[in-house]
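Subject: Model for your files

Hello,

Please find the structure below. My notes on its sheet and helices follow.

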Amino acid sequence: MSHRTPRGLLAAATLTVAFSTLAAPALAAPAAPQGRIFMVNPVQSSGDQALTDGKDAASAIPEAAYASAALRNLDSSGGLTGKWAYVRSDTGASAKVADAGTYTRHDDQFEQVMAYFWVNEAQEYLQSLGFGSELRGANDRAQPVRINQWGADNSFFTDKKAEIRFGKGGVDDAEDAEVIVHEYGHAVHNAQVPGFGTSEEAGSIGEAFGDYLAVAVGDHADAKYGWPRKADLACVADWDSTSYTSSAPHCLRRVDTDKTYADKVGEVHADGEIWSRALFDIRGALGARTADRIIVNAQFDFAPDTSFSAAAQATIATAEKMYGAKAASTVRAAFAARGIPGV
Ligand SMILES: [Ca+2]
Ligand SMILES: [Ca+2]
Ligand SMILES: [Ca+2]
Ligand SMILES: [Zn+2]
């Protein structure tokens with residue numbers, strides 16, 4: 001007995017030394033800087049459908065709508081440049097990381113911080129699903145983002161420069177994380193299949209995926225950070241859309257409409273709601289993680305000018321390959337419910 005105690009103490013002492021040696025570099029690394037952001041968007045997080053832009057006044061949005069969150073993966077430049085996002089602005093001065101915790105929505109720099117945070121968050125979500133490690137990377141590079149005065153109420157992804165641009169019409173577009181992540185969805189699609197979206201149905205799938213990814217990333221972030229969500233999960237861009245929708249709940253689009261293939265009108269945003277509802281149903285049936293791994297992984301196999309039918313078949317085949325026949329039949333049922341031909 002007597003010789004055990006000293007040995008035990010010695011072992012404990014050795015372990016303490018080992019742990020402190022291991023811990024030293026981690027403790028020396030600086031904590032990620034904090035940025036002030038909206039918790040997805042202020043309408044969704046507050047449930048207040050009466051919020052309005054008020055000409056970009058800071059006073060139009062209560063303090064409680066902001067959260068402080070870590071800006072991860074930044075380089076050492078002091079600006080919003082990092083591993084997954086590269087933010088530039090044509091309006092106002094460039095945001096400084098050192099000041100990122102102080103901006104209000106009235107400051108041009110607030111949207112820059114929002115764009116950095118949410119693009120990084122979206123790529124981190126894809127990484128957490130295995131894209132870039134177990135599975136092929138999906139836009140796993142520094143995404144160029146530009147905030148631009150002259151875009152009117154029109155944000156877009158340009159596949160020539162592979163750059164996302166956010167306009168400032170109505171509510172500044174980059175004040176709504178769902179607008180940011182929607183555009184990032186186009187960048188993801190284009191990275192997976194260069195030039196994706198050359199047919200009307202492929203374009204609709206692109207709009208649908210952007211909407212779906214916006215909802216998925218926001219939902220993931222709400223759970224991860226413990227942020228409130230007081231609006232329907234299926235409502236996209238609750239805040240940006242307050243400037244162009246008259247009735248509440250304010251949604252740019254939804255991912256839970258009853259549209260089917262028979263409702264096609266030949267406009268990509270409208271027809272995207274057929275596809276996004278199928279994705280939302282797959283999520284409901286298989287759970288977010290499994291659904292999103294299938295949905296994104298399948299997109300590598302889409303042709304740039306794919307049809308709904310071919311893309312649905314590719315998604316069913318991916319589900320079968322990754323999770324087996326039962327998952328495949330669940331995915332098939334979601335597309336069949338939308339009347340997609342050939343499934
Ligand atoms: Ca603003
Ligand atoms: Ca807007
Ligand atoms: Ca929303
Ligand atoms: Zn779009």
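Helix α3 (residues 108-128) lies across β3, β4 and β6, and runs at about 165° to β3. Helix α4 (residues 177-192) also packs on the sheet, where it touches β4, β5 and β6; its direction makes about 25° with that of β5. Touching here means contact: two residues whose C-beta atoms, placed from the backbone, lie within 7 Å. Axes are lines fitted to C-alpha atoms, for helices over the stretch in contact, with angles from 0 to 180 degrees between N-to-C directions. Helices (H or I, at least four residues) and strands (E, at least two) are DSSP runs, numbered from the N terminus.

This is a predicted model: local features need pLDDT of at least 70, side-chain atom pairs count only at pLDDT 80 or more, and totals for chains, interfaces and linings use all residues. Residues are numbered from 1 along each chain as its sequence is written, while chains are lettered from A and ligands numbered from 1 in the order in which they are written.

The sheet is open, with four strands in the order β3-β4-β6-β5 and mixed pairing (a pair needs at least two DSSP bridges). Its edge strands, β3 (85-89) and β5, each pair on one side only.

β4 (residues 143-147) and β6 (residues 163-166) run parallel, joined by three bridges; Val-145 has Ile-164 as its partner in β6. β5 (residues 156-158) runs antiparallel to β6, again with three bridges. Phe-156 is partnered by Arg-165, and Phe-157 by Ile-164. The hairpin of β5 and β6 has four residues between the strands, and Ala-162 there takes a positive phi near 50°.

Regards
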